[in-house]
Amino acid sequence: ACKVTMVRRRITGEPHTSMSIMPWARRAALALFCIILLGTQLSQLKTIQSREYLQEQSHTTSNAATPATAAFQAHYGEKKYKPIDLPVKTTSVIINIGSNVDPILPKQSDGPCSMAIAFEPLVYSKIDQSHQQLLVVPAAVSSESGLTSMFDYGENSVSASLSRVSRNSYWNTGGGARLIAPVVSLVDVIQSIRKRYPIKHIMTDIQGHDFETIRSAIHLIRERNVTTLRTEVSLEQARSYVDSENDLCAHWLPFMSANGYTLESLDPPREGFGSHDEAVESCSYQIKRLQKERKNKFSDKMKEADALWRLAGVTKPLGLTFYRYPIWYPDPPRRNESILPRFTNEEYAQCN
C-alpha cells in the first residue's frame with residue numbers, strides 16, 4: 001500500500017511536501033495503516049509457526065503411542081481386574097507415583113472420604129502410613145507390569161530410576177546400586193480402581209519415565225475424566241537418564257494438547273511458560289533453536305520442573321490449589337501440619 005501511494009504521487013506530480021493539512025493527514029493515516037498491517041501479519045506468522053510446531057511434534061508422539069494403544073486393545077481388553085478395596089463411601093482418589101518418603105495427601109476441602117494411593121518401590125517402609133486417608137503400595141509404576149531393575153541414586157533413593165543416569169553429577173555421586181523391584185502398569189492401577197470413585201489427580205515423579213507412563217494410559221486417563229495432573233518434565237532437551245523421553249517441548253506439550261489438556265504453569269515458574277499459549281510459542285522457538293545448535297541431539301544436563309496440567313474446560317484457575325507435599329526439609333525434616341487433612345474419628349467412620 002505504501003509503495004502504490006508513492007508511485008501514484010510520482011505519476012500525478014502530487015507534491016511530497018505541502019503546507020496543507022490534508023496530505024500530512026493522509027500520510028499519517030497511511031503510516032498507521034501500514035504499522036497495523038505489519039503487526040497483524042507478524043501475529044499471524046507466530047500463530048502459524050506455533051500450529052506447525054504442535055502438528056509436527058504431535059505427529060511424532062502420536063505415532064510413538066500407537067504400539068501402546070494396540071497392546072492395550074490386544075491384551076487388556078480380555079483382562080479382568082479385582083478392584084482395590086477402598087472405603088465404600090470414597091468420594092475421590094488421588095494417585096502419587098514415585099512418592100519417595102513424602103506422599104501427597106488429599107486437601108481438607110476434599111473431605112474425609114477422599115483417598116490417596118502412593119506408589120514407592122524402595123523406601124516405602126520410611127513413609128508414615130498412620131494417616132487414615134493414605135494407602136501405600138510398595139511398587140514402581142510404568143508402562144508395563146512385571147519385575148524390573150532399578151538404579152538407586154541420592155539420599156533416601158530420591159533419584160532412583162528405571163534407567164541409569166546419563167552422567168555422574170552432584171545429585172547421583174556414589175549411587176547407582178542395582179535393585180530388583182516389582183512394577184505395575186498405570187493401566188493396571190487405573191483399571192483396579194472402581195469407576196464409581198473419581199480419580200481427581202495424578203502426580204508422577206519417576207525420574208525420566210513420566211511421559212512413557214502417562215502416554216501408555218492416556219486413553220484411560222481421558223475416559224476417567226482425570227481433572228489435573230502434575231508431572232516431572234525435562235527442559236531444553238536435557239536428558240538426565242539414559243534413553244528417557246520426557247522433554248516438555250518435544251514430547252509433553254504436543255501430546256497433552258492433542259489429548260485435551262492445557263499447561264497451567266511450571267513449578268518452579270519459568271519465563272515464557274506462564275500459560276499454555278505462552279508455552280506453545282516458547283517451545284516453537286526453542287525446538288528450532290536447539291535443532292540448529294545440537295542437530296537434534298539431547299543434552300545430558302539436569303534441567304527439570306513439574307508441569308501442572310488441567311483438563312480443557314475446567315475453567316477454575318488452579319494456582320496453589322494443586323496438591324503439595326506434606327513434608328518440608330529443614331534439618332531434620334518435619335511435616336507441614338497446615339496442609340494435612342484433619343478430621344475426627346467419627347467423620348472418618350462415615351466413609352466405611
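**A guided tour of the predicted model**

Begin by selecting residues 16-21, where pLDDT (the predictor's confidence in each residue, from 0 to 100) stays under 50. For this stretch the model has 6 contacts (heavy atoms within 4.5 Å) beyond four places in sequence. This is a predicted model in which local features need pLDDT of at least 70 and side-chain atom pairs count only at pLDDT 80 or more, while totals for chains, interfaces and linings use all residues. Residues are numbered from 1 along each chain as its sequence is written, and side-chain values use heavy atoms, with hydrogens and water left out.

Next, colour the chain by confidence. Its mean pLDDT is 79, and 66% of its residues reach 70 or more. Helices (H or I, at least four residues) and strands (E, at least two) are DSSP runs, numbered from the N terminus. Among these elements, helix 5 (residues 218-223) has the highest mean pLDDT, 97, and helix 1 (residues 2-12) the lowest, 47. Select residues 1-12: the pLDDT there is below 50, and the stretch has 11 contacts in the model beyond near neighbours in sequence. Where pLDDT is low, the predicted coordinates should not be read in detail.

Now turn to the largest nonpolar core (a set of buried Ala, Val, Leu, Ile, Met, Phe, Trp, Tyr and Cys residues joined through side-chain atoms within 4.5 Å; buried means under 20% relative accessible area, exposed over 50%, partly exposed in between, with a 1.4 Å probe and protein chains only). This core has 45 residues, and I95, L186, I202, I221, L229 and W309 have the most contacts inside it. Show helix 6 (residues 248-258), which gives the most to this core, with 7 residues. Then centre on L186: leaving aside neighbours within four places in sequence, L186 is in contact with I97, V141, S142, T213, I214, A217 and I221. A second, separate core has 11 residues, among them I104, L134, V136 and M203.

The last stops concern the backbone. Select N100, in the loop between strand 1 (92-97) and strand 2 (114-119). N100 is not a glycine, yet its phi is positive, at about 55 degrees. N100 counts as buried because its relative accessibility is 10%.

Move to Q207, in the loop between strand 7 (199-204) and helix 4 (210-216). Q207, also a residue other than glycine, has a positive phi near 50 degrees. With 5% relative accessibility, Q207 counts as buried.

Finish at P268, in the loop between strand 9 (261-267) and helix 7 (276-294). The peptide bond from D267 to P268 is cis, with omega near 5 degrees.
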